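Reader: I should like to go through this protein chain step by step, beginning with how its helices pack. Could you take my questions in turn?

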Amino acid sequence: IADVLAIEEAYTRRMWGIRGHIEAAVAREASADPTKIGRLLSLVDVRDWAKRVDTARGASAGATVSDLKELADRRNSIAHALDRDGRRQRSLSVEEADRFVRIAREVVEALETLFPAVTMSRPVSAPHTTATAGHVHSR
């Protein structure tokens, strides 16, 4: 409520003040998880996004949801469980990392093409990574 009152007081064009709050809320919810993507797109009345992205990617029905779920699960395993499979740390091959990057790019490009009015107009830079000895390392 304090933010709304501050916007009312400080902005003649209130949408400029609201925009930052919307962007922050979207950034907090942003994820590779297809359920979260669908929830965010539904806020701007986008329906059946995954089916449309499947078609744009030339993928079979359900592939986008399946691919993104796999990507999100692996990301969460790395971030929250030290990427362990039982007692051992799982390896991430260069091929697997390349596949995840390809999936992410295909989905983002399809979303930008299908829904230009709701995708970000400025590019988001990804961290630079290198692959050595079957592992991917961020710099």
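**Helix packing and the nonpolar core**

Author: H1 and H2 are roughly antiparallel to each other. This is a predicted model.

Reader: Why do H1 and H2 count as roughly antiparallel?

Author: Helix H1 covers residues 2-10 and helix H2 residues 14-29, and their axes lie 8 Å apart. An angle over 145 degrees counts as roughly antiparallel. The angle between H1 and H2 is about 150 degrees, and they are therefore roughly antiparallel.

Reader: Which residues of H2 meet H1, and how does the contact divide by class?

Author: From H1, the residues taking part are Asp3, Ile7 and Glu8. Their partners in H2 are Arg14, Gly17, Ile18 and His21. By class, the residues of this contact of H1 with H2 are two nonpolar, two polar and three charged.

Reader: Are H5 and H6 parallel, antiparallel, perpendicular or oblique to each other?

Author: The axes of H5 and H6 are 10 Å apart, at an angle of about 125 degrees. Angles of 65 to 115 degrees count as roughly perpendicular and those over 145 as roughly antiparallel. The angle of about 125 degrees fits neither range, so the two helices are oblique.

Reader: In which hand does H5 pass H6, and which residues make the contact?

Author: The crossing of H5 with H6 is left-handed. On the H5 side, the contact is formed by Thr64, Asp67, Leu68, Glu70, Leu71 and Arg74. On the H6 side, the residues are Glu96, Arg99, Phe100, Ile103, Ala104 and Val107.

Reader: Which helix supplies the largest share of the largest nonpolar core?

Author: This core has 16 residues, of which Leu41, Trp49, Val53, Leu68, Val107 and Leu111 touch the most other members. At least two residues come from each of helix H3 (34-42), helix H4 (49-57), helix H5 (63-81) and helix H6 (94-114). The largest share, six residues, is supplied by H6.

Reader: Which residues does Leu41 touch, leaving aside those up to four places away in sequence?

Author: Leu41 is among the core members that touch the most others. With residues up to four places away in sequence left out, Leu41 touches Val46, Trp49, Leu111 and Val118.

Reader: What pattern does the protein chain follow along the sequence?

Author: Six helices and four strands make up the secondary structure of the protein chain. Read along the sequence, their pattern is α-α-α-α-α-β-β-α-β-β.

Definitions and conventions. Residues are numbered from 1 along each chain as its sequence is written. This is a predicted model: local features need pLDDT of at least 70, side-chain atom pairs count only at pLDDT 80 or more; totals for chains, interfaces and linings use all residues. Side-chain values use heavy atoms; hydrogens and water are left out. Axes are lines fitted to C-alpha atoms, for helices over the stretch in contact, and angles run from 0 to 180 degrees between N-to-C directions. Angles under 35 degrees count as roughly parallel, over 145 as roughly antiparallel, 65 to 115 as roughly perpendicular and the rest as oblique. Contact means heavy atoms within 4.5 Å. Ala, Val, Leu, Ile, Met, Phe, Trp, Tyr, Cys and Pro count as nonpolar, Asp, Glu, Lys and Arg as charged, and the others, Gly among them, as polar. A nonpolar core is a set of buried Ala, Val, Leu, Ile, Met, Phe, Trp, Tyr and Cys residues joined through side-chain atoms within 4.5 Å. Buried means under 20% relative accessible area, exposed over 50%, partly exposed in between (1.4 Å probe, protein chains only). A crossing is left-handed if the near helix is turned anticlockwise from the far one by less than a right angle, and right-handed if clockwise.
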